[in-house]
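These are my notebook entries from a session with one structure, written down in the order in which I looked things up.

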Amino acid sequence: MSDVQQSAPKFEFGPNGVGLNVLEMPPHELFVLHRVSALAMKAVDSGVAPRDPVVREFTEALTGALVQASLENPGRVYGLATSYTAPDQPPGEQLFGVKLFELFHTSWLNCEPVNLDVGHVLAGVPSTWGRLSRTLTNPQVRAGAYESLQAVASLYDRVSLDQGELAPAAVALARVEENWHTA
Amino acid sequence: MSSMEPSAQIFEFRREGHGLDIAKMTPYQLFVLDRMSQLALTAMDMGAPRENMVKDAADSLGYAIGRACIKDPDWVNALVDHYTQSHQPQAQQLFGVSLLEALHNALMDNEASGQDSRKVLMSMPPAWRRLSQAPDPAVRESAYQSLCSVADLYARGSVEQERFVYVALALDAVKANWQNT
């Protein structure tokens with residue numbers, strides 16, 4: 001067991017890191033880790049459990065890896081988000097799918113400048129949220145998805161001020177937001 | 001660390017199932033996963049909505065560690081050594097204590113089923129002695145409770161299995177000295 005002593009005390013997710021690779025995990029395990037992390041954060045934030053640096057570290061590592069995965073393997077992450085938001089999924093899974101979409105879309109927009117070579121990724125953003133507005137029926141999931149949409153739309157709005165090429169998508173996204181409650 | 005087969009396999013040891021293989025994790029990752037799942041359970045106990053998957057994940061992690069204790073006690077023992085050092089943070093030392101207790105429990109099952117685990121068993125009293133001198137009182141207290149539980153188990157087991165006598169005596173000696181420290 002010499003590797004126990006040699007292992008660096010690091011914990012990270014990601015294709016190039018030394019930790020658990022989110023892209024190699026079965027989708028269910030990824031989802032469970034996300035839920036465990038969300039609940040542990042809740043325990044700490046509500047004061048039920050003492051502040052524990054491990055919780056933030058874990059959550060940030062998981063989010064960081066998903067951002068990295070979104071940039072390096074968008075097709076896979078988009079596919080995961082799509083399958084989690086399918087109408088036959090339970091609400092918990094759907095909310096995770098929504099979070100994945102939010103993370104996926106904001107990851108690309110947070111790159112400066114936004115890489116417009118991935119136009120197919122960016123162009124699909126309004127239609128993705130439009131689809132979610134029609135297919136998600138659970139009120140709790142819809143509420144969560146609306147919050148995520150607002151976050152993505154506001155980021156699009158901001159980024160399109162500097163990169164005019166993104167303006168049409170920002171406008172389309174704003175329209176999805178406006179129509180959300182009547183969809 | 002449960003020996004009951006969990007209802008869902010989120011974690012596994014050495015490709016025995018379909019989950020995340022704890023044998024491929026660094027000691028720190030394993031600790032973090034254990035800590036996170038304990039905190040998530042706490043959140044549910046304190047009123048967060050019950051989520052079966054969180055309970056499943058904690059059970060599955062405990063079961064995978066239990067399997068590791070049986071299949072590769074040296075691997076777990078090395079983790080115990082790593083985590084019971086006094087320079088480790090408190091939570092990690094406590095994790096080491098729980099691993100040490102789990103290892104004792106699993107090895108007793110091993111011995112009962114005819115496997116000879118004396119070599120590993122006899123290598124554990126030093127970890128208890130080290131814990132008896134842990135500077136952190138919370139770690140010392142928790143370790144003492146675990147030691148009492150394990151020593152009791154072996155004392156009872158030694159009535160029927162002579163081979164447990166040596167372990168029971170060694171644990172008793174640590175316990176006696178502990179009370180004197």
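**Entry 1: overall size.** I began with the radius of gyration of chain B in this predicted model, and found 16 Å, which agrees with the value near 16 Å that a compact globule of 181 residues would have. I then looked up the box filled by the C-alpha atoms of chain B, which is roughly 45 × 40 × 30 Å when taken along the principal axes. Of the 181 residues in chain B, 46% are buried. I also noted that, among the contacts in chain B with a separation of 6 or more, 63% are between residues 24 or more positions apart.

**Entry 2: helices and strands.** I counted eight helices and two strands in chain B, and when I read along the sequence I wrote the pattern down as β-β-α-α-α-α-α-α-α-α.

**Entry 3: two domains.** The domain assignment divides chain B into domain 1, residues 1-71, and domain 2, residues 74-181, and I found their centres, taken over C-alpha atoms, to be separated by 22 Å. The contact between these domains takes eleven residues from domain 1 of chain B and 13 residues from domain 2 of chain B. On the side of domain 1 that touches domain 2, α1 and α2 of chain B each supply at least two residues, and the largest share, five residues, comes from α2(B). Sorted by class, the residues on this side of domain 1 are seven nonpolar, two polar and two charged.

**Entry 4: where chain B meets chain A.** How many residues does each chain give to the contact? I found 28 residues from chain B and 28 residues from chain A. On the side of chain B, the helices α1 (27-45), α2 (52-71) and α3 (73-83) each supply at least two residues, with the largest share, twelve residues, coming from α1(B). By class, this side of chain B has 18 nonpolar, seven polar and three charged residues.

**Entry 5: the largest nonpolar core.** I next asked which of the 105 residues in the largest nonpolar core touch the most other members, and the answer was A:Ala40 and B:Ala40. Helix α4 (residues 90-112) of chain B gives the largest share of this core, eleven residues, while domain 1 and domain 2 of chain B each give at least three residues. I followed B:Ala40 further and, leaving aside its neighbours within four places in sequence, listed its contacts as A:Val36, A:Leu39, A:Ala40, A:Ala43 and B:Val54.

**Entry 6: one helix, one face.** In helix α6 (residues 125-132) of chain B, I found the buried residues to be B:Ala127, B:Trp128 and B:Leu131. Seen down the axis of α6(B), these buried residues fall within an arc of 100 degrees, so they line one face of the helix. I reminded myself that an α-helix has 3.6 residues a turn, so residues three or four places apart point the same way.

**Entry 7: a residue in a loop.** Is B:His87 buried or exposed? B:His87 has 7 other C-beta atoms within 10 Å, and it counts as exposed because the cut-off for that class is 12 or fewer. I placed B:His87 in the loop between α3 and α4 of chain B. As a last distance, I looked up B:His87 and B:Leu61, which are 26 residues apart in sequence and 26 Å apart in space, C-alpha to C-alpha.

Terms used:
Residues are numbered from 1 along each chain as its sequence is written. Chains are lettered from A and ligands numbered from 1 in the order in which they are written. This is a predicted model: local features need pLDDT of at least 70, side-chain atom pairs count only at pLDDT 80 or more; totals for chains, interfaces and linings use all residues. Helices (H or I, at least four residues) and strands (E, at least two) are DSSP runs, numbered from the N terminus. The radius of gyration is taken over C-alpha atoms; the globule rule is 2.2 Å times the number of residues to the power 0.38. A residue is buried if 20 or more other C-beta atoms lie within 10 Å of its own, exposed if 12 or fewer, and partly exposed in between; C-beta atoms are placed from the backbone. Two residues are in contact if their C-beta atoms, placed from the backbone, lie within 7 Å. Ala, Val, Leu, Ile, Met, Phe, Trp, Tyr, Cys and Pro count as nonpolar, Asp, Glu, Lys and Arg as charged, and the others, Gly among them, as polar. A nonpolar core is a set of buried Ala, Val, Leu, Ile, Met, Phe, Trp, Tyr and Cys residues joined through C-beta atoms within 7 Å. Domain bounds come from an automatic or database domain assignment. The arc is that of the directions from the helix axis to the C-beta atoms.
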